[in-house]
Every structure is written in structure tokens, then in C-alpha cells.
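Here is a short briefing to read alongside the model. It covers cysteines, the nonpolar core and two loop residues.

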Amino acid sequence: MRFFSRRLVMPNDLNFANFLFGGRALEWIDEEAAIYAMCQLDTKFLVTKHIGAISFESSAAVGDVVEFGLATKKVGRTSLTVTCLVRNKATKKTICVADDIVFVMVDPDTRMPTPHGRTLEDLEKVTQQELENLNIQNS
């Protein structure tokens, strides 16, 4: 799993107990996973179809930096399924895991599902090439 982006927990992100509000975390997860899927499929015409199991494991407070790890789990004919792990950047402690986030590619005019023509192998090759171009080792 690669960690792609980070966010700073701010006062407006907190619940009544002064910890990161679960709804805010889910909003961030949907946005981060959508960006990841758009980059994987090279399109902006995706919709979130499903978010499966969500597990909150620890809290985050004001000033914590959280990071989002994303991985492709499955590639369908019109869909892409990803997993997102949110963790504390400093402690590496898992805050939340959202599994089976399904995005569907849609036609921009009809909004009907449309095949994207990609396979898991294609996406893995593209990711490896991008990492090599950035001179980053894939761990």
C-alpha cells in the first residue's frame, strides 16, 4: 500500500469529544479514493457506487497529520475497487480502514456505466513505470 497524501486535523474537523469526526474522515476517504481511482483509470468520469466495511480503530486530535494509503483491490469491466487506510503520520497508528470502495466509470453524456478497458496488470505496470520515473523504490 502506498501513502499518497496527508491532511492536518484542524478544529473544524473535530466532534464533541475533540477528536476527528468520523463523518469528516469518511468525506476525506471518499475524496482521496476518488482521486486515486481517477488517476488509475485516467478519467474524471467516475462515481462512488459502494463503500464496504469501515473500521475506526483509533482517534486523531487537532494538529495530528493523517495520511491516506490506497491500493487497488479489484478491477472490473466498468469498475475499480480500492482499499483506503488512514493512519497517524507520526505514530503510524491506524485511525480508520475503509474496504471495498467501488468506483464505476460512467459515460459523461448518458451517465451509464462504460467499460474502461484496464486490467489489474495494466495498472500495476503503469504504477511501476511512474515510480521508476520519479526514482522512487516500490516497497
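Searching the whole structure turns up zero disulfides (a disulfide being a pair of cysteine sulfur atoms within 2.5 Å). The model is predicted, so local features need pLDDT of at least 70 and side-chain atom pairs count only at pLDDT 80 or more, while totals for chains, interfaces and linings use all residues. Residues are numbered from 1 along each chain as its sequence is written, and side-chain values use heavy atoms, with hydrogens and water left out.

**Cysteines**
- Cys39 is in no disulfide, and the nearest cysteine sulfur, in Cys84, is 14 Å away.
- Cys39 is exposed at 59% relative accessibility (exposed means over 50% relative accessible area, buried under 20%, partly exposed in between, with a 1.4 Å probe and protein chains only).
- Cys96 is buried, at 0% relative accessible area, and its sulfur lies 7.5 Å from the closest cysteine sulfur, that of Cys84, which is too far for a bond.

**Nonpolar core**
- The largest nonpolar core (buried Ala, Val, Leu, Ile, Met, Phe, Trp, Tyr and Cys residues joined through side-chain atoms within 4.5 Å) has 27 residues, and Ile29, Val66, Val86, Ile101 and Phe103 have the most contacts inside it.
- Helix H1 (22–41) and strands E4 (65–75), E5 (79–88) and E6 (94–105) each supply at least two core residues; helices (H or I, at least four residues) and strands (E, at least two) are DSSP runs numbered from the N terminus.
- H1 gives the most to this core, with eight residues.

**Positive phi in loops**
- Asn18, in the loop between strand E1 (2–8) and H1, has a positive phi near 65 degrees without being a glycine.
- Asn18 is exposed, with 51% relative accessible area.
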